[in-house]
Amino acid sequence: MGKPTVRESVLRAVDMARDEIVALTQALIRVPTVNPPGDAYEPCARLLGDTLAGMGFEVEYFTATGRPEHSATHPRVNVVGRRRGRVDRPCVHLNGHLDVVPVGTGWTCDPFGGEVRDGRIYGRGASDMKAGIAAAVFAAECIRRAGVELEGTVEISGTADEESGGWAGVAHLAEIGCLTSRSVDFVIIPEPLEVDRICVGHRGVYWFEVTAHGRIAHGSMPFLGASAIEHMGELLHDIRARLQPVLASRVTAMPVVPPGARHATLNINSITGGQGGFAVQTPCVAHVCSATFDRRFLEEEPLDQVQGEIADLLAEVERRVPEARFTLRDLMLVPPVRTPEGSPLVASLTRGIHDVVGREAAIVASPGTYDHKHVTRIGGIHHCVAYGPGRLELSHQPDEWCDVDDMVRATQVIALTLVELLGTSR
Ligand SMILES: [Zn+2]
């Protein structure tokens with residue numbers, strides 16, 4: 001038998017590390033980084049930082065002081081580890097969010113126990129995305145254990161607040177210059193996309209609030225007032241009858257999953273009106289009614305059109321309905337992002353998936369946003385994808401789990417990708 005190839009040595013080193021990958025995932029799950037409110041970031045960042053330091057990384061901590069989410073009781077602590085190769089560039093940055101969503105109900109096991117049963121690891125964040133962080137760590141570590149020296153540089157970060165927008169996490173790192181195109185060439189976010197899928201971006205999101213204004217009067221004589229709730233009802237009717245069919249007719253060329261999300265969509269997130277919320281009823285015509293809307297838009301839809309058609313609809317109802325008057329307030333606006341066509345990062349992961357999993361990689365896009373937006377829009381890094389173990393549909397569910405075989409395979413795919421993109425001097 002000849003000397004094993006770099007590829008064979010790396011794959012074998014990952015197989016040997018199986019129990020350690022599981023143990024790191026368990027240790028991460030046992031730190032309950034629930035967000036909101038943003039608990040336990042500091043111990044979780046330290047756990048990851050100490051692990052990386054023990055593997056030869058230079059480790060730095062970045063607390064998002066000054067951001068409104070950061071507080072003394074809930075500090076937003078981020079960690080970045082860097083292992084320089086023979087040269088600084090290229091540099092692959094692997095980023096995972098440390099936070100998990102609240103537990104909710106319906107669990108049959110301890111959400112922070114990290115129990116392993118029938119080849120699965122259970123717990124809040126098992127899929128989303130503590131297994132992914134462990135995969136990133138051991139992808140880099142097992143290359144070293146295989147005796148392979150990388151030419152380029154590997155960075156691994158654990159960041160805050162992805163589940164609530166990522167402003168004190170990835171956005172903060174990009175803003176202070178730690179995660180930008182000045183030092184990083186490629187970013188892999190090991191979110192739970194399944195072991196054979198590569199996510200190349202997401203649709204845009206436009207959250208806005210509409211307030212309908214009316215005229216208060218006694219509820220026994222509604223004809224003396226003008227109901228803001230009725231005005232909102234007219235608007236909702238127009239949205240359903242006129243806007244929704246147009247949105248449903250638009251289809252993106254981006255491979256968004258599930259297929260229903262390939263269309264433009266609009267959800268009514270909340271609605272409040274009149275003098276509700278009191279223990280006793282108030283006999284009044286509603287003078288105000290507000291609703292928040294969640295419009296997800298396609299890369300083919302220009303932003304001025306997305307916003308313009310809402311403003312046009314409000315104006316149309318105001319023209320048609322006597323006394324109807326609306327105000328519109330933008331709450332959040334994130335344009336779509338997409339990894340460039342022909343990205344070497346996608347090509348390399350595709351080869352890794354073919355090699356390790358034995359299937360053709362599926363290229364997908366996400367219906368909702370994740371930290372990719374900050375990497376690209378603030379950091380200016382275009383070669384960014386999400387690829388990692390776990391199943392998207394298990395995220396945020398009770399009894400969330402991740403398959404241990406998938407964790408090992410995703411680690412191998414990421415390791416082969418690091419070897420290919422960064423080059424070796426062995
Ligand atoms: Zn996630």
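**Exercise 1.** Work out how the two domains sit relative to each other, starting from the distance between the centres of domain 1 and domain 2.

*Solution.* Taken over C-alpha atoms, the centres of domain 1 and domain 2 lie 37 Å apart. This is a predicted model, where local features need pLDDT of at least 70, side-chain atom pairs count only at pLDDT 80 or more, and totals for chains, interfaces and linings use all residues. Residues are numbered from 1 along each chain as its sequence is written.

Next, the bounds: domain 1 covers 6-202 + 336-422, and domain 2 covers 204-334; such bounds come from an automatic or database domain assignment.

Now the contacts. Here 9 residues of domain 1 meet 11 residues of domain 2, a contact being two residues whose C-beta atoms, placed from the backbone, lie within 7 Å. On the domain 1 side, strand E14 (residues 362-366) gives the most, with 3 residues. Helices (H or I, at least four residues) and strands (E, at least two) are DSSP runs, numbered from the N terminus.

**Exercise 2.** Decide whether the buried residues of H8 line one face of the helix or are spread around it.

*Solution.* Start with the helix itself: H8 (residues 344-356) has 13 residues and reaches 18 Å from its first C-alpha to its last, close to the expected 18 Å. That expected span is 1.5 Å times one less than the number of residues.

Then list what's buried: Leu345, Val346, Ser348, Leu349, Gly352, Ile353 and Val356. Buried is 20 or more other C-beta atoms within 10 Å of a residue's own, exposed is 12 or fewer, and partly exposed is in between, with C-beta atoms placed from the backbone.

Look down the axis: the buried residues of H8 fall within an arc of 165 degrees, so they line one face. The arc is that of the directions from the helix axis to the C-beta atoms.

Finally, see what covers them: strand E7 (186-189), strand E8 (197-202), E14, strand E15 (384-386) and helix H10 (404-422) are included. Just after H8, glycine 358 takes a positive phi of about 80 degrees.

**Exercise 3.** Place leucine 313: which helix holds it, and which residues does it touch?

*Solution.* Leucine 313 lies in helix H7 (residues 303-320). Count neighbours: 18 other C-beta atoms lie within 10 Å, so leucine 313 is partly exposed. Leaving out residues up to four places away in sequence, leucine 313 touches Asp238, Ile239, Arg242 and Leu243. As for glycine 106, 207 residues away along the chain, its C-alpha is 42 Å from that of leucine 313.
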